[in-house]
Amino acid sequence: MSTKGRAKRRLGGDVYLPRTVDKLLDDYLPQASAIALDGAKGVGKTGAALQRATHRYLLDRADQRALVAANPDGLLAPGTTLLDEWSRMPEVWDLVRRNVDDGAPPGSFLLTGSATPATAQGTHSGAGRILSLRMRPMALHERGEITPTVSVRQLFETETPCSGEIGGKTSFTLPDYLEAIEASGFPGMMGLGRQLRSDQLSAYVQRVIDRDLPDAGYAVRRPEALRRWLAAYAAASSTTTAYSKLLNTTTAGDGSQPTRDTTLAYRDHLTQLWLLDPVPGWSPSGNPFTRLQQAPKHQLVDPALAATLLRATAASMMTPRSSHLAGPLFESLATLTVRVAAEAIRAHVGHLRTRNGDHEIDLVVEGRDGRIVACEVKLAAAVADSDVRHLLWLREQLPDDVSDLVVITTGTHAYRRGDGVAVVPLALLGP
């Protein structure tokens, strides 16, 4: 579980910080002929893939695309071939699929992509042939600063629900979490000064608008309208605010606003670029609940992008002017951390909210066997009985499915309450 002192592999002149998805790659490469590693630009996909690749083609470069087009059989070289940014040349997906069908050995192909192709016409899904893994920005436990003591995997492994040993202490407090939000989970941002990092995050957003969306087949006619919509989306982080309400907040100074169809196009194309990372509504497979809201919880791929769009800093979130953003963005950071840990065990993460709002749970992690770990996120160090009532209600409804219940906090100690609920500071939670 420890991240301190762990081995770091060198990539060129840079230090590569091991990621949670590395273990999945190492487990699956000896078994799967082709693996696709998906995620937003800058999350570290290429760096992770290069640790394992024998050959590489950088398909965002025209000369590399021409090389593959001229000699597609060259992809069959012995070892592992990396096809970086494969969506810039969608036909390689079918080339890989056919090679897998023809008996390519395990570990033959790694594909990394920062976008779903604008059109999937003629492109096979790859189901049963190409294994897909998701990579997100660095969760808190991946940044090399903390030592987690509570494992999401172990929360699923207790024989008796809500009974596993919980412990650990951290020096992280609220200001540290706000700094972590501002610092970003993009590996390329690590070590940058505050001003340069802020400028880089702003440039990231602008590059999505000016270049990435057009490259994905969507021409942005009014870039400033899209930026306003993105800011509205960021302001709705960790909520299920209706898209119609987001639209109402994007009116420009001249009274104009984008149309509903335009904003739906924003949403769809930004999701294709993995920039939006909404948490879907969850319902149990047995579905004993008759009235659940299925609207997603809004999240950007990195809470630092939300902070950038909202002009929020760690310092400003400690003041009355921006303190209202601290809770939602702390939940965004917790959501990122839980999702990265859940991917390590191939679990799904959703949220639960009844339609009348009587009960809601921030994060529900569902394992492959249907067992669940339910989590509430609380921007506070102390936990009261009122903070766990929805978790206890869920255990009453699904006694055979609940493996554990957790409140994620900004406190310093991890422990288990008398009612079985685990209280875990975010800094102590890992895969």
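In this predicted model, Leu300 touches a wide set of residues beyond its close sequence neighbours: Leu230, Tyr233, Ala234, Leu275, Leu276, Asp277, Leu305, Ala306 and Leu309, with residues up to four places away left out of the count. Several of these names return when the nonpolar cores are examined. The largest core holds 93 residues, and Leu300 is listed among those with the most contacts inside it, together with Leu230, Leu270, Leu275, Leu305 and Ile408. Helix H12, spanning residues 326–343, supplies the largest share of this core, with 8 residues. A second core, separate from that one, has 20 residues, including Leu292, Ala374, Val388 and Trp393. As general background, nonpolar side chains tend to be buried together in soluble globular proteins.

Attention now turns to strand S3, which covers residues 34–38 and is mostly covered, with 5 of its 5 residues buried. Side chains in a regular strand alternate between the two faces of the sheet. In S3, Ala34, Ala36 and Asp38 point one way, while Ile35 and Leu37 point the other way, and all are buried. Strand S3 has partners to consider as well. With strand S6 (residues 109–113), S3 runs parallel and is joined by 5 bridges; here Ile35 stands opposite Leu110. With strand S7 (residues 130–134), S3 also pairs in the parallel sense, over 5 bridges, and the bridge partner of Leu37 in S7 is Leu133.

Strand S6 also contains Thr112. Is Thr112 buried or exposed? Its relative accessibility is 0%, so Thr112 counts as buried. Apart from neighbours within four places in sequence, Thr112 is in contact with Leu37, Lys45, Thr46, Ala49, Leu82, Leu83, Asp84, Glu85 and Trp86. Leu37 in that list is a familiar name from strand S3, where Leu37 and Ile35 point the same way.

Helix H1 offers another pattern of burial. Within its residues 21–28, the buried ones are Val21, Asp22, Leu24, Leu25 and Tyr28. These residues cover an arc of only 160 degrees around the axis, and therefore lie on the same side of H1.

Further along the chain, 6 strands make up an open sheet with mixed pairing, in the order S9-S10-S11-S12-S14-S13. Its edge strands are S9 (348–353) and S13 (415–416), each of which pairs on one side only. Inside this order, strand S12 (residues 402–409) and strand S14 (residues 422–425) pair in the parallel sense over 4 bridges, and Thr409 stands opposite Pro425 in S14. Helix H13 (residues 389–397) lies across S9, S10 (360–366), S11 (372–377) and S12, and runs at about 175 degrees to S12.

Finally, the cysteines can be considered. How many disulfides does the structure hold? The structure holds 0 disulfides. Cys162 is in no disulfide, and the nearest cysteine sulfur, that of Cys375, is 11 Å away. A disulfide needs its two sulfur atoms within 2.5 Å, so this pair does not qualify. Both residues are nevertheless hidden from the surroundings by the burial criterion: Cys162 counts as buried because its relative accessibility is 8%, and Cys375 counts as buried because its relative accessibility is 4%.

Terms used: Residues are numbered from 1 along each chain as its sequence is written. This is a predicted model: local features need pLDDT of at least 70, side-chain atom pairs count only at pLDDT 80 or more; totals for chains, interfaces and linings use all residues. Side-chain values use heavy atoms; hydrogens and water are left out. Buried means under 20% relative accessible area, exposed over 50%, partly exposed in between (1.4 Å probe, protein chains only). Helices (H or I, at least four residues) and strands (E, at least two) are DSSP runs, numbered from the N terminus. The arc is that of the directions from the helix axis to the C-beta atoms. Two strands pair if DSSP finds at least two bridges between them. Contact means heavy atoms within 4.5 Å. Axes are lines fitted to C-alpha atoms, for helices over the stretch in contact, and angles run from 0 to 180 degrees between N-to-C directions. A nonpolar core is a set of buried Ala, Val, Leu, Ile, Met, Phe, Trp, Tyr and Cys residues joined through side-chain atoms within 4.5 Å.
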